Amino acid sequence: MTKATEGESVTLDLLKVKMAEFAKERNWDQFHSPRNLLLALVGEVGELSEIFQWRGEVPKGLPDWKEEDKVHLGEELSDVLLYLVRLSDICGVDLGKAALRKVGLNAIKYPVGSKGSSKET
């Protein structure tokens, strides 16, 4: 399996390669249809949501959280990211380019100086 070296930046391409290798080594490609990956992703988002479910609003940086809670959060965030990267790969979508395109579209939709509102769509 491809390994990141100490200090190496982790890219979406590196994660994509690692996830493809991981699935291939376990003969999991047969299970990685877009539908199955999406459902797994939704399940992981549910697990991520459970972490915040009864905490109310939490401050940026999570200063009052225990270290083990932050580690658990990192694991669940990683699960979501990894399924998303795998899904985009299986669907043939360059996730990095799609995300940059979306940022550009959002910049047009919400230009600098536009008044922020929770009612914007």
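**Exercise 1. Which residues make up the largest nonpolar core, and how many are there in all?**

Before starting, note that this is a predicted model, in which local features need pLDDT of at least 70 and side-chain atom pairs count only at pLDDT 80 or more, while totals for chains, interfaces and linings use all residues. Residues are numbered from 1 along each chain as its sequence is written, and side-chain values use heavy atoms, with hydrogens and water left out.

Solution. Begin with the term: a nonpolar core is a set of buried Ala, Val, Leu, Ile, Met, Phe, Trp, Tyr and Cys residues joined through side-chain atoms within 4.5 Å, where buried means under 20% relative accessible area, exposed over 50%, and partly exposed in between, with a 1.4 Å probe and protein chains only. The largest such core has 9 residues in all, namely Leu 37, Leu 41, Leu 48, Ile 51, Leu 62, Trp 65, Leu 73, Val 80 and Leu 87. Next, look at where they come from: H2 and H3 each supply at least two residues of this core, and the largest share, 4 residues, comes from H2. Helices here are DSSP runs of H or I with at least four residues, numbered from the N terminus.

**Exercise 2. Find the residues that Leu 48 is in contact with, leaving aside its neighbours within four places in sequence.**

Solution. Contact means heavy atoms within 4.5 Å. With those neighbours left aside, Leu 48 is in contact with Leu 73, Glu 76, Leu 77 and Val 80.

**Exercise 3. Compare the span of H3 with its expected value, and describe its buried side.**

Solution. The expected span of a helix is 1.5 Å times one less than its number of residues, so the 25 residues of H3 should span 36 Å, and this agrees with its end C-alpha atoms, which are 36 Å apart. The buried residues of H3 are Leu 73, Glu 76, Val 80, Val 85, Arg 86, Leu 87 and Ser 88, and they pack against H1, helix H2 (34-52) and H4. After H3 comes Gly 92, whose phi is positive, near 75°.

**Exercise 4. Is Arg 101 buried or exposed, and how far is Arg 101 from Asp 29 in space?**

Solution. First, place Arg 101 in helix H4. Its relative accessible area is 59%, so Arg 101 is exposed. Finally, Arg 101 and Asp 29 are 72 residues apart in sequence, and their C-alpha atoms lie 29 Å apart in space.
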